[in-house]
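Trainee: Could you take me through one part of this model in detail? I would like to see how a single helix sits among its surroundings.

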Amino acid sequence: MKNKKILLSLLGAFILLFSSGIYFKKAGEKKVISVGFFSGGNWDAPGDKSLEILDAAIEKFKAAHPDVEVKYESGILKKDYSEWLAGKFLVGCEPDVFLLTSEDFNFFASKKALLNLNAFIYQDKTFKKGDYYKAAFDFGKYGEINYALPYECMPTLMCVNKTLLEEFGIDFPSSDWSWADFHEICRRVSKDADRDGEIDRFGVCGYTWRDAVYSNGVMLFDDKGTKNYINNRGAVNAVNFVYAIYSLSGGHEVSEKDFDLGKVAFKPMKYSEYKTYKTYPWSLKKYTDFEWNCTTMPAGPDGENACELDALLMGISSRTKNKELAWEFLKTMTYDNEIQAKIFKYSKGVSPLK
């Protein structure tokens, strides 16, 4: 009986030591944050090295959190990313923090797949939403809730064929030009240059009613996204203005090819395209037969020189087990000035931070 008691005591001590050993092993293990990210950039522009930004962010985050490991799956292309991310959610192993295209955001937010960030945004004293451009920050809102932060954004500029304007003795438009200025220039350049009876010089291509709406002070939807204002006066005027602009072409459907051939004065252009084709060696591949540059979009009578904006977002899974760490990494990617500055070096977009 005495030997049995000794044996039980030894067994109990062994179990206690074994349990303690497991505890100390777990306590010493690193926590893991997983990240969903795709290669090649979001704006379909060559030369994008966005993974350089992610690697820099991971290095900076780990310096502040040496007990945390950050992992991501490399080699995912943008065209495959949405399906990859949805598949991860379906099997319950989605990343803690991940990129969200503007097209995917509403879907995941509506399915309650994204963590509500409002508590972090309004309680974190190191974070100020006013440091973002409002239009970019609002991309991450679904209803009244912030489910994502903007990581990168893409404005639209107006590309101007300077050579064609000079041919007609027209000055390059100022940054505060108006619809009236735009229409007048388009009217002056819409000519039959070779005198064969058909107009062969044109004002604009690719300019849409949305471009006109945004520059005429019109909000297409309310903040909740439940009511549209497409029939208000400003929107109707924008549509009528676009019709008037294209009526100057004499029935010819002006194409991007016409612009590439130097026959068109204006074409809206994403900043990513501007940045690509203004730099060597891509500058040798396009728009080499005429001199060109970009300016703001023309302002409508009820608006300003505003443009359509797109944004690439980052969110957190609603099922993450490391909410605070995920928030800190999200801030590193989207709010840290040093990391955000790298967007201008390695990506074709612009930072959403002022």
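**Helix α2 and its partners**

Mentor: Happy to! Let us start with a crossing: α2 passes α13 in a right-handed manner. Please keep in mind that this is a predicted model. Helix α2 covers residues 50–64 and helix α13 covers residues 323–334; the two pack at an angle of about 130°, and their axes are 9 Å apart. Because of that angle, α2 is oblique to α13.

Now for the side chains and backbone involved. On the α2 side, the contact is made by Leu54, Ala57, Ile58 and Phe61. They meet Leu325, Glu328, Phe329, Thr332 and Met333 of α13. Sorted by class, this contact holds seven nonpolar residues, one polar and one charged. The charged one is Glu328, because Glu counts as charged, and the polar one is Thr332, since Thr is in neither the nonpolar nor the charged list.

The spacing of the α2 residues also has a simple rationale. An α-helix has 3.6 residues a turn, so residues three or four places apart point the same way. Keep that in mind as you look at Leu54, Ala57, Ile58 and Phe61 in the contact with α13.

Next, the helix as a whole. With 15 residues at 1.5 Å a residue, α2 should span 21 Å, and its end C-alpha atoms are 22 Å apart, so the two values agree.

Then there is burial. The buried residues of α2 are Ser50, Ile53, Leu54, Ala56, Ala57, Ile58 and Phe61. Among them are Leu54, Ala57, Ile58 and Phe61, which also meet α13. Yet α13 is one of several partners: the buried residues of α2 also pack against the strands β1 (31–36), β2 (68–72) and β6 (148–161), as well as the helices α14 (337–341) and α15 (343–346).

If you want a buried residue elsewhere to set beside these, try Val264, which is found in strand β8 (residues 264–270). Its relative accessibility is 0%, so Val264 counts as buried. Leaving aside neighbours within four places in sequence, Val264 is in contact with residues including Asn161, Leu164, Phe202, Val254 and Phe259. The C-alpha atoms of Val264 and Leu165 are separated by 9.5 Å, although these residues are 99 places apart along the chain.

For a contrast, look at Lys112, in the loop between α4 (102–110) and α5 (118–123). Lys112 is exposed, with a relative accessible area of 58%, and its phi is positive, near 60°.

Notes
Residues are numbered from 1 along each chain as its sequence is written. This is a predicted model: local features need pLDDT of at least 70, side-chain atom pairs count only at pLDDT 80 or more; totals for chains, interfaces and linings use all residues. Side-chain values use heavy atoms; hydrogens and water are left out. Axes are lines fitted to C-alpha atoms, for helices over the stretch in contact, and angles run from 0 to 180 degrees between N-to-C directions. Helices (H or I, at least four residues) and strands (E, at least two) are DSSP runs, numbered from the N terminus. Angles under 35 degrees count as roughly parallel, over 145 as roughly antiparallel, 65 to 115 as roughly perpendicular and the rest as oblique. A crossing is left-handed if the near helix is turned anticlockwise from the far one by less than a right angle, and right-handed if clockwise. Contact means heavy atoms within 4.5 Å. The expected span of a helix is 1.5 Å times one less than its number of residues. Buried means under 20% relative accessible area, exposed over 50%, partly exposed in between (1.4 Å probe, protein chains only).
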